[in-house]
Structures are given as C-alpha cells and as structure tokens.
Amino acid sequence: SRGIGNQGTEGSNMPALTPSTTFEHIAREWRCKWSEDNDKASLEAATQLLASVAPDLKKHDGVVSVQRVVCGGCQDFKVIIKVTADKYDGFKEGGHGGEEAFMTKLMAIPGLHTFDTQTYTFEEL
C-alpha cells in the first residue's frame, strides 16, 4: 500500500501518510448497489451472504471488525473489514479474507450492480 511505512508524528512508530495522518488500521471495503425490486430481495440476499461468511472473516489474523453499511437512499451495500496495519499485508496476500469468492457470489445475485472494492486507512478519532 502506498504511504505505509513512513513514520508519523515525532516519537510515533505508526505508519503515516503525512506526519500528522497516522494510522494503525487499514480497511478493505467490498461494495455494490442493490435494487428496490421484489421487495428489496437483492439486499436481503446480500445481507444473508455476508452473514454466512462473517464468522470466518472475523477469524483472519489482524481482523479487528467486520461492519455492514446499508444506505436506503442511495442503495449502497458495503462491507468494511478493519485490519491492523501490521497484519494487512498478510491479509492482502491471503486474498483479502475470501474477497474473490464473496464478490463472485455477490455478482450472481439478481438486482445487485456496480460492484467495487477499495482499500483505505480507518481510524476512530
């Protein structure tokens, strides 16, 4: 990941993007859009798919949390996997916790569209 490994604020061993933009966690996001069709069947199916993989996803070394974000207005469905920065490379090398299989199953659900993934720092302030 770009920016990882730079030293943060004086005395800090945390990775940093700038001297004051330090972080201890990296998140991997899986996302798509869902449809209102069939009483939101695509959202229900995506939620059930996530529920089926979440327990195993949480067992990966360095995973701190797995969060689901759903927006009823813009019809976003997002999964955010928060990983400690020092364990992220292993998580990435291991396939982001089964990302390819999850996204393949997600793409097969009728009514879901606009699939993407993203990596970013993720900190509580």
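**Overall fold and the setting of helix α3**

Among contacts (heavy atoms within 4.5 Å) with a separation of 6 or more in the chain, 63% join residues 24 or more positions apart. The structure is a predicted model, in which local features need pLDDT of at least 70 and side-chain atom pairs count only at pLDDT 80 or more, while totals for chains, interfaces and linings use all residues. Residues are numbered from 1 along each chain as its sequence is written, and side-chain values use heavy atoms, with hydrogens and water left out.

Three helices and four strands make up the secondary structure of the chain (DSSP runs, H or I of at least four residues for helices and E of at least two for strands, numbered from the N terminus). Followed along the sequence, their pattern is β-α-β-β-α-α-β. Of the 125 residues, 36% are buried (under 20% relative accessible area, with exposed meaning over 50% and partly exposed in between; 1.4 Å probe, protein chains only).

Helix α3, spanning residues 99-107, offers a helpful way into the fold. Its buried residues are Glu99, Phe102, Met103 and Leu106. These lie on the same side of α3 because they cover an arc of only 95 degrees around the axis (taken from the directions from the helix axis to the C-beta atoms). Glu100, Thr104 and Lys105, on the other side of α3, are exposed. The cover over the buried residues of α3 includes β1 (25-33), α1 (37-57), β3 (76-84) and β4 (113-121). Leaving aside residues up to four places away in sequence, Phe102 touches Trp30, Leu49, Leu50, Val53 and Val79.
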